[in-house]
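Colleague: I've never read a protein model before. Could you walk me through one?

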Amino acid sequence: TLYVVFDKDNTLTAPYVDSLYPKVAKSVEKCMEVFGNENVAIVSNSAGTKDDVGFKWKSNIEAATGICVIPHQHKKPKGFDEVLAHFNQKQVQVGPGEDASRTCAQAREILVVGDRMLTDIVFGNLHRAYTLHCTEILTEKGDNPFASVIRKIENQILKPLLHHAKVEPPLV
């Protein structure tokens, strides 16, 4: 894995809050140190979308977290093309003995981290990226009631059913 894409609400921040949740701040800092700031990004179903008039939310989140929010036309689980385009805007640094022709990110080099199975995890799995499902949410305070109910259904009903049916994320 060379790139990390985080969901925002209840993965990095409290719902509808711009700054990192204190519980995850040090881990995010370490992630950025290991992968490099330019290789870590946020894909949110609010910030950076057409709902984000003038990309105000996007700008506020980037200023508060130091993490780029990838603008995208479609909400997750759609929009993976924008993720690839974002990471492919820059040249990949090539070290000694590495293939100099390798200049673009591929889905199998991306880790998608999020709290929602039907958006974040499906988003990554549909494109054969690695996924990390955060089952412990940061806080319910300020959460969208509909998202909260769906998340509980995903975690309490869907996840065990998928496990029982031996449905696993795609192998890369």
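Modeller: Sure, let's go from the overall layout to the strands, a helix and the cysteines. Keep in mind that this is a predicted model.

Colleague: Okay, how many helices and strands are there in the protein?

Modeller: There are five helices and five strands. Follow the chain along the sequence and you get the pattern β-α-β-α-β-α-β-α-β-α. The protein has 172 residues, and buried ones make up 41% of them.

Colleague: What about contacts between residues at least 6 apart in sequence?

Modeller: Of those contacts, 61% join residues at least 24 apart. As for the outside, the protein exposes about 9900 Å², with carbon and sulfur atoms supplying 58% of that.

Colleague: Now a strand. How do I read its two sides?

Modeller: Here's the general idea: side chains in a regular strand alternate between the two faces of the sheet. Now try strand E4, residues 110–114. Ile-110, Val-112 and Gly-114 sit on one side, while Leu-111 and Val-113 sit on the other, and all of them are buried.

Colleague: Why is E4 described as largely enclosed by the rest of the structure?

Modeller: Because five of its five residues are buried. Here buried means under 20% relative accessible area. Strand E1, residues 3–6, can be read in a similar spirit: Tyr-3 and Val-5 point one way, Val-4 and Phe-6 the other way, and all are buried.

Colleague: Which strands pair with E4?

Modeller: E1 pairs with E4 in the parallel sense, over four bridges. Look for Tyr-3 opposite Ile-110, and for Val-4 with Leu-111 as its bridge partner in E4. Strand E5, residues 130–133, also pairs with E4 in the parallel sense, over four bridges. There, Val-113 stands opposite Leu-132.

Colleague: And which strand does E1 pair with over three bridges?

Modeller: That's strand E2, residues 40–42, again in the parallel sense. Val-4 stands opposite Val-40 in E2.

Colleague: How does the chain get from one strand to the next?

Modeller: Look for a helix between the two strands. E1, helix H1 (residues 22–35) and E2 make a right-handed β-α-β unit. E4, helix H4 (residues 117–126) and E5 make a right-handed β-α-β unit as well.

Colleague: Let's stay with H4. Which of its residues are buried?

Modeller: In general, an α-helix has 3.6 residues a turn, so residues three or four places apart point the same way. In H4, the buried residues are Met-117, Thr-119, Asp-120, Ile-121, Phe-123 and Gly-124. Their cover includes helix H3 (80–87), E4, E5 and helix H5 (145–164).

Colleague: What follows H4?

Modeller: Arg-128 does, and its phi is positive, near 65 degrees.

Colleague: Last one: how many disulfides does a search of the whole structure find?

Modeller: First the idea: a disulfide is a covalent bond between the sulfur atoms of two cysteines. In this structure the search finds zero.

Colleague: So are Cys-31 and Cys-68 buried or partly exposed?

Modeller: Compare each value with the 20% cut-off for buried. Cys-31 has a relative accessible area of 13%, so it counts as buried. Cys-68 comes out at 26%, so that one is partly exposed.

Terms used:
Residues are numbered from 1 along each chain as its sequence is written. This is a predicted model: local features need pLDDT of at least 70, side-chain atom pairs count only at pLDDT 80 or more; totals for chains, interfaces and linings use all residues. Side-chain values use heavy atoms; hydrogens and water are left out. Buried means under 20% relative accessible area, exposed over 50%, partly exposed in between (1.4 Å probe, protein chains only). Two strands pair if DSSP finds at least two bridges between them. A crossover is right-handed if, with the strands pointing away from the viewer, the path from the first strand over the helix to the second runs clockwise. Contact means heavy atoms within 4.5 Å. A disulfide is a pair of cysteine sulfur atoms within 2.5 Å. Accessible areas come from the Shrake-Rupley method with a 1.4 Å probe; for residues, only the protein chains shown count as cover.
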